[in-house]
Amino acid sequence: GNLKTVLAAKLPFIASAGSDGGPDHDFQMTALGSSTNGVLDTPAVVLYLSIDAGKVRIQSVGPW
């Protein structure tokens, strides 16, 4: 697969399992990004992920 570096300013991620109405996936991670006084500076981005042969694969990205 392709490698993607995530800038420190785009961290932290919050991980969760289960379905939330998004695409088929095993778990998801939400990139929160930077914040000011507890309010995100930009909208959070959700990565929908699956596990395939011991590797994590991105199924979809976006706010749903």
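Trainee: In which strand is Q28 found?
Mentor: The model is a predicted one. The protein chain has zero helices and six strands, so a helix is ruled out for any residue by the run definition used here. Q28 is found in strand β2.

Trainee: Is Q28 buried or exposed?
Mentor: A residue is called buried when its relative accessible area is under 20%, and exposed when that area is over 50%. For Q28 the relative accessible area is 9%, so Q28 is buried.

Trainee: What pattern does the protein chain follow when read along the sequence?
Mentor: The chain contains six strands and zero helices. Read along the sequence, the pattern is β-β-β-β-β-β.

Trainee: What is the order of the strands in the open sheet?
Mentor: The open sheet has four strands, and their pairing is antiparallel. The twist from one strand to the next averages 30°. The order is β1-β2-β5-β6.

Trainee: Which strands stand at the edges of the sheet?
Mentor: The sheet order is β1-β2-β5-β6. A strand at the edge has a single partner strand, so one side of it is left without a neighbour in the sheet. The strands in that position are β1 (13–17) and β6 (55–61).

Trainee: How many bridges join β1 to strand β2?
Mentor: Strand β2 covers residues 27–31 and runs antiparallel to β1. A15 has its bridge partner, M29, in β2. The number of bridges that join β1 to β2 is five.

Trainee: With which residues is T30 in contact, leaving aside its neighbours within four places in sequence?
Mentor: T30 is found in strand β2. At 16% relative accessibility, T30 counts as buried. Its contacts, with those neighbours left aside, are P12, F13, I14, A44, V45 and V46.

Trainee: Is S50 buried or exposed?
Mentor: S50 has its place in strand β5. Leaving aside neighbours within four places in sequence, S50 is in contact with D26, K55, V56, R57 and Q59. The cut-off for buried is under 20% relative accessible area. At 11% relative accessibility, S50 counts as buried.

Trainee: What distance separates the C-alpha atoms of S50 and D24?
Mentor: Along the chain, S50 and D24 are 26 residues apart. In space, their C-alpha atoms are separated by 8.2 Å.

Trainee: How far apart in space are Q28 and I58, C-alpha to C-alpha?
Mentor: Q28 is in strand β2, while I58 is in strand β6. In sequence, Q28 and I58 are 30 residues apart. In space, C-alpha to C-alpha, the distance is 9.2 Å.

Trainee: Which residues make the nonpolar surface patch of about 250 Å²?
Mentor: One member is I58, which is exposed with a relative accessible area of 54%. A residue can belong to a patch if its relative accessible area is over 30%, so I58 passes that cut-off. The patch is made by V45, I58 and V61.

Trainee: Which side chains meet in a salt bridge?
Mentor: Side chains of opposite charge can pair when their charged atoms come close. A search of the whole structure finds one salt bridge, with a distance of 3.1 Å from N to O. R57 is partly exposed at 35% relative accessible area, and D52 is partly exposed at 39%. The salt bridge is between R57 and D52.

Trainee: Where does N37 lie?
Mentor: Most residues other than glycine have a negative phi. N37 is not a glycine, yet it has a positive phi of about 55°. At 80% relative accessibility, N37 counts as exposed. N37 lies in the loop between β3 (35–36) and β4 (39–40).

Trainee: What is the phi of A53?
Mentor: A53 lies in the loop between β5 (45–52) and β6. At 75% relative accessibility, A53 counts as exposed. A53 is not a glycine, and its phi is positive, at about 55°.

Trainee: What share of the residues in the protein chain is buried?
Mentor: Q28 is one buried residue, with a relative accessible area of 9%. T30 also counts as buried, at 16%. The chain has 64 residues, and the buried share is 22%.

Definitions and conventions:
Residues numbered from 1 in each chain as written. Predicted model: local features only at pLDDT ≥ 70, side-chain atom pairs only at ≥ 80, totals over all residues. Heavy atoms only, no water. Helix = DSSP H or I, 4+ residues; strand = E, 2+ residues; numbered from the N terminus. Buried < 20%, exposed > 50% of the residue type's maximum accessible area, 1.4 Å probe, protein only. Pairing = 2+ DSSP bridges. Axes fitted to C-alpha atoms, helices over the stretch in contact; angles between N-to-C directions. Patch = residues over 30% accessible without salt bridge, like charges linked within 9 Å, V, L, I, M, F, W, Y side chains within 5 Å. Areas by Shrake-Rupley, 256 points an atom, 1.4 Å probe, with all protein chains shown as cover. Salt bridge = Lys/Arg side-chain N within 4 Å of Asp/Glu carboxyl O. Contact = heavy atoms within 4.5 Å.
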